[in-house]
Structure formats: C-alpha cells, structure tokens
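Hi,

Here is the structure I promised to send over. Have a look at it first, and my notes on what turned up follow below.

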Amino acid sequence: MNKMKYIYTLLTLLLIVGIAFFSFQGNSKKSGKADRIACHKKSVVFEKVYDENQFEKVKNALYTGAYKLTSRVQKSVYMKTRMFEYVDLKDVDKLVENAIAQYKKQIPNTGNKVGVDYYIYENDKADPGKKTVKSKLYAGYLHFIFSYGGKKVYAVQVDFMDLEGKDIDKSVECAIKSLVTL
C-alpha cells in the first residue's frame, strides 16, 4: 500500500511540473527574430504579422503584381553618410520590383493593391545611444511594411553588412521571400 501511495504522489508531482512547464512555455513572449528560411540564418531578420485575416490577400495581390511601391532613405545623423554615395534608391526600387516579379502568378486580382512601403536605414555607428559592439556590426537594414486596404498587415526588417550596399539585393530578396513563404 505504501508503494502505491508513493507512485501516486510521484505521478501527481510529475503531472503538476509538466503542466507548469507547458503553461510557462506557452505564455513566454516570443522574439520577433525570424529563422524560418535559409536567408534568415545568414542575416538578422525580424518579422511580424499584424493582421492574419488580410495576410493571404496581401500575398495574392503581390502574386498578381497589384502593388504600390513607396520608398525612402534614413541617413545617418552622427557620422558622415557614405552609403548613399553608392546606393541609389531607384536602383533598390528596381531590385524590389524584380524580387516581387519572381513570384508573379497568372491569377486574377480580386481586391485592392498592396501598399509596399520600405526604407533603407544607414546604421549610424557614431550614435551615442549605440554602446555595444554588436549594434555597430551591420551597415544598415531594409524595413518593409505591407498594407492592405490602408491597414498594416505584415512587417519585415532585414540587415545588410556591406557599407557600399553590395548585399542589399540579398536583403531585398530575403524580405520578399519572408512574406511569400509565411
């Protein structure tokens, strides 16, 4: 009888520990850092879905080529800007258009255009707020916001490392691939 009491106590304790573990794991906040596809493992990528109900509409509109592209740059403030001596926004716009065109399908567009709004951020390494070595490693990032019907649906940010922006094409491809593979 004592053996049975011991076994029941042990099983009850294990059950409580198991429930507590899974409850804590389910409630812990997830990082926005992505690692779903190969390009996420090669650079730092953050992504977030804001409206899951509209997400498929965004993808379908992109597949048909129904989008409006808006772009801008955010130059460094504390250090002399050099990146934009090498990087032309119109060239990057073309890279974005080409990356989207890779996923074009022959399906009818049944809704609105997707707003594709992005900016190129030049990492300001002289910014006094950047105190860690890690925050000064990358050259910049591309930040994309995809909206549908005036609502933000999905955002993705992809770092690039080259100070002359020679790897921006890879970051653009990764951003678009991040959207279409989700």
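Let's start with helix 4, which lies across strand 2, strand 3 and strand 4 and runs at about 140 degrees to strand 2. Bear in mind throughout that this is a predicted model.

Helix 3 (residues 52-64) also sits on strands: it lies across strand 1, strand 2, strand 3, strand 4 and strand 5, at about 105 degrees to strand 4.

Now the sheet itself. It is an open one, built from 5 strands in the order 1-5-4-3-2, with mixed pairing. Strand 1 (45-49) and strand 2 are its edges, each pairing on one side only. On average, neighbouring strands in this sheet are turned by 15 degrees against each other, ignoring direction.

Two of the pairings are worth a click. Strand 2 (residues 67-74) and strand 3 (residues 114-122) run parallel and are joined by 8 bridges. To get from strand 2 to strand 3, the chain passes through helix 4 (residues 89-101), and this β-α-β crossover is left-handed. If you want a spot to zoom in on, threonine 70 stands opposite aspartate 117 in strand 3.

The other pairing is antiparallel: strand 4 (residues 140-148) and strand 5 (residues 151-160) share 9 bridges. There, tyrosine 148 has lysine 151 in strand 5 as its bridge partner.

Last, the helix pair. How do helix 4 and helix 5 cross? Their axes come within 9 Å, at roughly 40 degrees, with helix 5 covering residues 168-180. Because of that angle, helix 4 counts as oblique to helix 5. The crossing of the two is right-handed.

And which residues of helix 4 and helix 5 meet? From helix 4 come Val92, Leu95, Val96, Ala99 and Ile100, and from helix 5 Ile168, Asp169, Val172, Glu173 and Ile176. Sorted by type, the residues of this contact are 8 nonpolar and 2 charged, with no polar ones.

Shout if anything looks odd on your screen.

Cheers

Note on methods:
Residues are numbered from 1 along each chain as its sequence is written. This is a predicted model: local features need pLDDT of at least 70, side-chain atom pairs count only at pLDDT 80 or more; totals for chains, interfaces and linings use all residues. Side-chain values use heavy atoms; hydrogens and water are left out. Two strands pair if DSSP finds at least two bridges between them. Helices (H or I, at least four residues) and strands (E, at least two) are DSSP runs, numbered from the N terminus. A crossover is right-handed if, with the strands pointing away from the viewer, the path from the first strand over the helix to the second runs clockwise. Axes are lines fitted to C-alpha atoms, for helices over the stretch in contact, and angles run from 0 to 180 degrees between N-to-C directions. Angles under 35 degrees count as roughly parallel, over 145 as roughly antiparallel, 65 to 115 as roughly perpendicular and the rest as oblique. A crossing is left-handed if the near helix is turned anticlockwise from the far one by less than a right angle, and right-handed if clockwise. Contact means heavy atoms within 4.5 Å. Ala, Val, Leu, Ile, Met, Phe, Trp, Tyr, Cys and Pro count as nonpolar, Asp, Glu, Lys and Arg as charged, and the others, Gly among them, as polar.
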